[in-house]
Amino acid sequence: MGKIIHNYKCGQKHIALGKNCEDRTYAMTLNDVSVIALADGAGSEKYTHSGIGAECVVEVACRFLCKNFDRILTTPDEECKNAFVSICQSELSEKANELGLDSIMYLSSTLLAVAVKGNDTIIFHIGDGVIGKYTIDGFSVVSAPDNGEFVGTTYFMTLADASNRLTMLREHNNDVTAYFVMSDGVSEYVYDEVNRVFTDAVVNFINMADDIKGSALLGDAMQKYIIDTNPTSDDCSFACLKLVASRAEMGGYVPAVLAKTIESIKETTGIDINEIVKADTYDAKVTKNLNVTGIEGQDVNLVVGDSGKEAAVTTE
């Protein structure tokens, strides 16, 4: 089902004002579906309970996607978006009543969510923040920030036309190592919006998912390298769903470079490194014999020693 980390931290700007963090993250695994969700509460003074609203919508998003994943795959976008927004706003209304608020607008926030089941992925996104993925070819943007008409503005789940602003995507994830979501407080430091490029710092975040304390490490990293370095830093939040353990661990774009190197060696010498790597297979270990073709049309036998250790490069 993959490995999940998520965390959120209060920025220096809010600390100076005596305000709580308005970002929230949440994750859920249910019905063979894994979901990460993030929401950034509206920062204006009039949105007095935006952090609570953000907490509400991330939980609703995770439940909705886990319970309805298969149905969403085959239901028209407009119907799915309308249903999702309706459920979110209904729960926000209940929360507003509990708090004695006369409008859900006080609970405004963005939303970014990624759900995975098998080889299928569903994405919901409204407002700023970025959703990305990491594959053997490196980073790519899945959903870019949707900023408002004016500087410093964006769109929220509480809007009357939220279903029109909500981005919904479906895709296959066969080549995906990890999906990740981040608020603008993080993207400001690790994402070039003009060129749509992520920095390699995101690889470090992704690899924290392999540590049992990964979420805490993520929080510490955001605190040390983003929040503490800027007296006006915004709230920071990040969540990652790592699907494959082996690729991103190499860091940067090494997997893509390695693949090209292997192909270059094959073209130049005729040796297929992928065949040599098969020394880690059952046949090589048990029969202690591996056949590789490619050197001037010759067959080369690689014999595994009696110790049982492979005589060629392994994937370990």
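**Entry 1: Glu55 and its partner**

I started with Glu55, which is partly exposed at a relative accessible area of 36%. My cut-offs here are under 20% relative accessible area for buried, over 50% for exposed, and partly exposed in between, with a 1.4 Å probe and protein chains only. A note to self before going on: this is a predicted model, where local features need pLDDT of at least 70 and side-chain atom pairs count only at pLDDT 80 or more, while totals for chains, interfaces and linings use all residues. Residues are numbered from 1 along each chain as its sequence is written, and side-chain values use heavy atoms, with hydrogens and water left out.

Which residue does Glu55 form a salt bridge with? I found Arg24, with the closest N and O atoms 3.1 Å apart. A salt bridge here needs a side-chain nitrogen of Lys or Arg within 4 Å of a carboxyl oxygen of Asp or Glu. Glu55 sits in helix H2 (residues 50-74) and Arg24 in strand E2 (residues 23-30), so this pair ties together parts that are 31 residues apart in sequence. For those labels, helices (H or I, at least four residues) and strands (E, at least two) are DSSP runs, numbered from the N terminus. Unlike its partly exposed partner, Arg24 counts as buried, at 13% relative accessibility.

**Entry 2: more salt bridges**

I then asked how many salt bridges the structure holds. The count is 10.

Another one that I looked up joins Arg63 to Glu91, and its closest N and O atoms are 2.6 Å apart. Since Arg63 lies in helix H2 and Glu91 in helix H3 (residues 77-99), the pair ties together parts that are 28 residues apart in sequence. Arg63 is partly exposed, with a relative accessible area of 27%, and Glu91 is also partly exposed, at 27% relative accessibility.

Next came Lys133 and Glu171, whose side chains meet in a salt bridge at 3.3 Å, N to O. This pair links distant parts of the chain, with Lys133 in strand E6 and Glu171 in strand E8 (residues 167-172), 38 residues apart. I get 16% relative accessibility for Lys133, which counts as buried, and 21% for Glu171, which counts as partly exposed.

I also noted a network of salt bridges that links Lys3, Asp210 and Lys242.

**Entry 3: Lys19**

Where is Lys19 found? I located Lys19 in the loop between helix H1 (12-16) and E2. Lys19 is partly exposed, with a relative accessible area of 22%. Leaving out residues up to four places away in sequence, I see Lys19 touching Cys10, His14, Gly43 and Glu45; contact means heavy atoms within 4.5 Å.

**Entry 4: the hairpin of E6 and E7**

Strand E6 (residues 130-135) runs antiparallel to E7, and five bridges join the two. I call two strands paired if DSSP finds at least two bridges between them. The connection from E6 to E7 is a hairpin through two residues. Looking at single positions, I found Gly132 with Val141 of E7 as its bridge partner. Is E7 mostly covered or mostly open? Strand E7 (residues 138-143) is mostly covered, with five of its six residues buried.

**Entry 5: the sheet around it**

I traced an open sheet of five strands in the order E1-E12-E9-E6-E7, with antiparallel pairing. Strand E1 (3-9) and E7 stand at the edges with a single partner strand each, so one side of each is left without a neighbour in the sheet. On average, neighbouring strands of this sheet are turned by 20 degrees against each other, direction ignored. Helix H7 (residues 214-225) packs on the sheet, touching E1 and strand E12 (236-242), and its direction makes about 35 degrees with that of E1. Axes are lines fitted to C-alpha atoms, for helices over the stretch in contact, and angles run from 0 to 180 degrees between N-to-C directions.

**Entry 6: H7 up close**

H7 has 12 residues and reaches 16 Å from its first C-alpha to its last, close to the expected 16 Å; that expectation is 1.5 Å times one less than the number of residues. I asked which residues of H7 are buried. They are Gly214, Leu218, Gly219, Ala221 and Met222. These cover an arc of only 160 degrees around the axis, which puts them on the same side of H7; the arc is that of the directions from the helix axis to the C-beta atoms. What covers them includes E1, helix H5 (184-190), helix H6 (201-207) and E12.

**Entry 7: overall counts**

I closed with the totals: 10 helices and 14 strands, and 46% of the 316 residues counted as buried. Among contacts with a separation of 6 or more, 68% are between residues 24 or more positions apart.
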